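Biologist: I'm new to this one, so could you take me slowly through a single part of it? I'd like to hear about the disulfide and whatever sits around it.

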Amino acid sequence: QVRLVESGGGLVQVGGSLRLSCAASGRTFRTYATGWFRQAPGKEREFVGAISWSGGRTYYADSVKARFTISRDNAKNTVYLQMNSLKPEDTAVYYCAAAYVLKPDTVLTGTRVYDYWGQGTQVTVSS
């Protein structure tokens with residue numbers, strides 16, 4: 001079992017920045033590919049970005065590309081989502097997710113492939 005806990009959400013003005021953290025406990029986290037998703041009220045959960053367990057490969061949704069950056073520190077069992085140039089449409093509950101993978105550079109983009117999810121953290125961007 002892997003337990004994921006997100007933190008770092010909050011209220012920020014348009015154009016501001018936030019850094020979310022996803023702390024993992026349980027099994028060795030360094031062999032888990034990790035993703036970030038978000039869900040706005042009345043909408044389906046959508047993919048934001050993902051990182052391989054090696055940290056060497058990332059992939060982003062077009063809507064956040066060049067604004068958001070995912071990184072990880074396997075020694076701290078933590079994955080980060082740096083969000084810059086925030087827009088009102090970025091307002092959502094943000095979730096991290098993890099899945100065990102064999103290959104170090106595998107990135108996963110679908111919600112159904114992830115085995116473990118955090119409880120989410122609210123991000124609100126005000127205009």
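Modeller: Let's start at the disulfide and work outwards through the sheet, the core and the aromatic rings.

A quick word on the ground rules. This is a predicted model, where local features need pLDDT of at least 70 and side-chain atom pairs count only at pLDDT 80 or more, while totals for chains, interfaces and linings use all residues. Residues are numbered from 1 along each chain as its sequence is written, and side-chain values use heavy atoms, with hydrogens and water left out.

Now the bond itself. A disulfide is a covalent bond between the sulfur atoms of two cysteines. The working cut-off here is a pair of cysteine sulfur atoms within 2.5 Å, and by that rule the count comes to 1 disulfide. The partners are Cys-22 and Cys-96, with their sulfur atoms 2.0 Å apart. The torsion about their S-S bond is about 60°, so this disulfide is right-handed. Cys-22 belongs to strand S3 (residues 18–26) and Cys-96 to strand S9 (residues 92–100), so the pair ties together parts that are 74 residues apart in sequence. By the way, the strand names come from DSSP runs numbered from the N terminus: a strand is a run of E of at least two residues, and a helix a run of H or I of at least four.

Are these two cysteines buried or exposed? For burial, I use relative accessible area: under 20% is buried, over 50% is exposed, and anything in between is partly exposed (1.4 Å probe, protein chains only). Cys-22 is buried, at 0%, and Cys-96 is buried too, at 0%.

Next, follow S3 into its sheet. Two strands pair if DSSP finds at least two bridges between them. S3 sits in an open sheet of 4 strands with the order S1-S3-S8-S7 and antiparallel pairing. S1 and S7 are the edge strands, each pairing on one side only. From one strand to the next, the twist averages 15°; angles like this run from 0 to 180 degrees between N-to-C directions, with axes fitted as lines to C-alpha atoms, for helices over the stretch in contact.

Walk across the sheet with me. Strand S1 (residues 2–7) pairs with S3 over 6 bridges, and there Glu-6 has our disulfide cysteine, Cys-22, as its bridge partner. On to strand S8 (residues 78–83), which pairs with S3 over 6 bridges; here Arg-19 of S3 has Gln-82 as its bridge partner. Arg-19 is partly exposed, at 47% relative accessibility. S7 and S8 also pair over 6 bridges, and Asp-73 stands opposite Thr-78 in S8.

What about the packing? A nonpolar core is a set of buried Ala, Val, Leu, Ile, Met, Phe, Trp, Tyr and Cys residues joined through side-chain atoms within 4.5 Å. The largest one has 39 residues, and Leu-4, Phe-29, Trp-36, Phe-68, Leu-81, Met-83 and Tyr-94 touch the most other members. Among the elements giving two or more residues to this core are S1, S3, S8 and S9. S9, the strand of Cys-96, gives the most, with 6 residues.

S9 also brings us to the aromatic rings. Rings of Phe, Tyr and Trp (its six-membered ring) pair if their centres lie within 6.5 Å; planes under 30 degrees apart count as stacked, over 60 as edge-to-face and the rest as tilted. The structure holds 7 such pairs. One of them is Tyr-32 with Tyr-100, an edge-to-face pair at 5.8 Å centre to centre and 70° between the planes. Tyr-32 is in strand S4 (residues 32–39) and Tyr-100 in S9, 68 residues apart. Tyr-32 is buried at 6% relative accessibility, whereas Tyr-100 is partly exposed at 47%.

Another pair is Tyr-114 with Trp-117: their ring centres are 6.2 Å apart and their planes at 70°, so this pair is edge-to-face. Tyr-114 is buried at 5%, while Trp-117 is partly exposed at 27%. Both belong to a cluster linked by ring pairs, together with Phe-37, Phe-47 and Tyr-59.

Last stop: Arg-45. A charge sits over a ring if NZ of Lys or CZ of Arg is within 6 Å of the ring centre and within 35 degrees of the ring normal. The charged end of Arg-45 sits over the ring of Tyr-95, 3.8 Å from its centre, and also over the ring of Trp-117, 4.9 Å from that centre.
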